[in-house]
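Open your viewer and get ready to select. This tour goes from one stop to the next.

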Amino acid sequence: MSKKFLIAGAGIAGLTLAKALQDLNYEYEIFEASADVRGIGAGFGLASNAMKAFEILDLAEEVIPLGHMLEDFEIQDWQEKTILKADTEKLRKSYNTENFAIHRADLHRFLISKIDASKIHTSKKVRLFEQSFEKVILHFEDGTSTEGDYLIASDGINSAIRQQLLKQATPRYAGYVCWRAIVEDKTFDSKKSIETWGPNGRFGLTPLINNQIYWYACVNAPLNSDIYNYTLNDIKNQFKDYSGQIRSTLQKTDPNNVITTPVMDIKPISNYAFNRVLLIGDAAHATTPNMGQGACMAVEDVCVLYDELTKKDTDILLAFEHYNLRRLKRTHYIIDTSRLAGKVAQIDNKFLIGIRNFAFRNLPNSIMQSPLDDLLEEDFMKL
């Protein structure tokens, strides 16, 4: 008997899952709240663990040309002195893959090209769902509904499905605003991602393909403060004392391309599987971007679920439970560690900045490396 999956959300998690289900010959339908399906945002990292997951899903060879390989990640102070360098070599060797940066829109277009686009239904914002022992019914705000055997919630940090299951699991503010954009700069030739920490905020520069730079900037601010109305000129002024590359990048930025968002996550929840309903991606474990693992965890989610569904005589509800057990510890670690990393990186008191930078420059490498090493405590690799 054919089993039909309803997928709420056509982001990276939902589209990657659709491809995996298609490969396993399951029926699926995707329901997206927006009027169209596109990668909203700018750039992001696909670290070695995410690339390994894509490899298992037989997608890595086609994803690689879309990304820009990154050899190093360095943190500097606003005077361009190195605070620390992350040694990603162990991560690359353990997964036998490289680290990449990619434009979100490019990855979205690629994933859509790998599935049956007629299965994607737009302008379908979820209102609520019902489930019984035999099926799941999904109700939309336009008054329509649909039913299937299983429901996968990949509808992001503001997931209506998660909110129905866990009313207290609401997004929480990390304490800082983030501006992001992509610019073209033919003079910038680098395979290194650089993040600058200083008293006026944090600024990151990451190269993409086609002579592009993805930049982001984070500044401490109360939620909904006036800083959320900053223009590009205000941002330029905020970082006027930072490096020449930062100032040059901001100068080349189109003000219409700047995205302004509060940095949010979700406090770790204790369960992702609810009978015929499963949470994946940001709907399950939204994290701050400080470890560059948000999209990576979503791809890992799909890889783990794919592995469970390929097992002999698969019971799908049991596969959901096994997925749940394999994902909780790892994703909780990412949420907690990333939130802590953000607090440390966002220190803006010059005295405390001096203490922090001195400590980081003098800590043993084994301690500085431990967050990356913990990414090797992989669950999705137990295949």
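The stops below cover a sheet, the helices across it, and the cores. Keep in mind that this is a predicted model.

**Stop 1: the open sheet.** Select strands 6, 5, 14, 15, 16, 13 and 17, in that order. These seven strands form an open sheet, and their pairing is mixed. Now look at the edges. Strand 6 (82-86) and strand 17 (259-265) stand there. Each has a single partner strand, so one side of each is left without a neighbour in the sheet. From one strand to the next, the twist averages 20°.

**Stop 2: one pair of strands.** Zoom in on strand 5, residues 72-77. Strand 5 pairs with strand 6 in the antiparallel sense, over four bridges. Which residue of strand 6 stands opposite Ile 75? Select Leu 84 to see the answer.

**Stop 3: helices across the strands.** Select helix 12, residues 350-362. This helix lies across strands 5, 6 and 14. Helix 12 runs at about 45° to strand 6. Next, select helix 8, residues 244-251. Helix 8 lies across strands 13, 14, 15 and 16, and its angle to strand 15 is about 75°.

**Stop 4: the cores.** Select Leu 107 and Ile 161. They have the most contacts inside the largest nonpolar core, which has 73 residues. Helix 10 (residues 294-309) gives the largest share of this core, nine residues. Apart from this core lies another, of 22 residues. Tyr 173, Ala 181, Leu 205 and Val 219 are among them.

**Stop 5: around Leu 107.** Which residues does Leu 107 contact, leaving aside its neighbours within four places in sequence? Select Ile 12, Phe 44, Leu 46, Phe 54, Val 63 and Ile 102.

Methods. Residues numbered from 1 in each chain as written. Predicted model: local features only at pLDDT ≥ 70, side-chain atom pairs only at ≥ 80, totals over all residues. Heavy atoms only, no water. Core = buried A, V, L, I, M, F, W, Y, C linked by side-chain atoms within 4.5 Å. Buried < 20%, exposed > 50% of the residue type's maximum accessible area, 1.4 Å probe, protein only. Helix = DSSP H or I, 4+ residues; strand = E, 2+ residues; numbered from the N terminus. Contact = heavy atoms within 4.5 Å. Pairing = 2+ DSSP bridges. Axes fitted to C-alpha atoms, helices over the stretch in contact; angles between N-to-C directions.
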